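Q: Hey, can you walk me through this protein? I'm new to reading structures.

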Amino acid sequence: MEKEYTFYKIYHKQNLECLYVGKTSNFKHRKSQHKTKGYVNDDTNMVEIYRMKCDNKTALSIEQSWIDCLHPIWNKSNAQQYKPDEARYKIPKYYILRER
């Protein structure tokens, strides 16, 4: 089943270092959760980097592609349930250049 996913990053405001990459179907709620846990605070920010309507398997591939591209320091492993032997989603070049 397809649904709208928002892919986001949490980054450090001073040095712009990417800290975390994730996906959600409810960005506002997810941001609130990250604030409650202290991941989004005065020193960090959470912003949308990509949005797409797709199935969960494709969403995992997209999330993993962003993790591979941005090298966030808080993502210690692959996207949840992502299998490394599966085909990767190719992020359009415009988005990659904009986010680096």
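**Strands, a histidine and a patch**

A: Sure, let's start with one pair: Y8 stands opposite G22, which is in β2. Keep in mind that this is a predicted model.

Q: Okay, so how many bridges join β1 to β2?
A: Six, and the two strands run antiparallel. β1 covers residues 3-12, and β2 covers residues 18-24.

Q: What do β1 and β2 form, and how many residues sit between them?
A: They form a hairpin with five residues between them. In the turn, L16 has a positive phi of about 60°.

Q: Is β2 mostly covered or mostly open?
A: Mostly covered: five of the seven residues in β2 are buried.

Q: Switching topic, where is H34?
A: H34 is in helix α1.

Q: And why does H34 count as buried?
A: Because its relative accessibility is 3%, and buried means under 20%.

Q: What is H34 in contact with, leaving aside neighbours within four places in sequence?
A: Y8, I10, Y20, Y39, V40 and M46. Y8 is the residue opposite G22 that we began with.

Q: Y39, hm. Which residues make the nonpolar surface patch?
A: Y39, I73 and W74 make that patch, which is about 270 Å². I73 is in the loop between α2 and α3, and I73 is partly exposed, with a relative accessible area of 37%.

Q: Last one: where is confidence lowest, and where is it highest?
A: It's lowest in helix α3, residues 93-99, at a mean of 58, and highest in helix α1, residues 27-37, at 97. For the protein, the mean pLDDT is 86, and 79% of residues reach 70 or more. Where pLDDT is low, don't read the predicted coordinates in detail.

How values were computed. Residues numbered from 1 in each chain as written. Predicted model: local features only at pLDDT ≥ 70, side-chain atom pairs only at ≥ 80, totals over all residues. Heavy atoms only, no water. pLDDT = per-residue confidence, 0-100. Helix = DSSP H or I, 4+ residues; strand = E, 2+ residues; numbered from the N terminus. Buried < 20%, exposed > 50% of the residue type's maximum accessible area, 1.4 Å probe, protein only. Pairing = 2+ DSSP bridges. Contact = heavy atoms within 4.5 Å. Patch = residues over 30% accessible without salt bridge, like charges linked within 9 Å, V, L, I, M, F, W, Y side chains within 5 Å. Areas by Shrake-Rupley, 256 points an atom, 1.4 Å probe, with all protein chains shown as cover. Salt bridge = Lys/Arg side-chain N within 4 Å of Asp/Glu carboxyl O.
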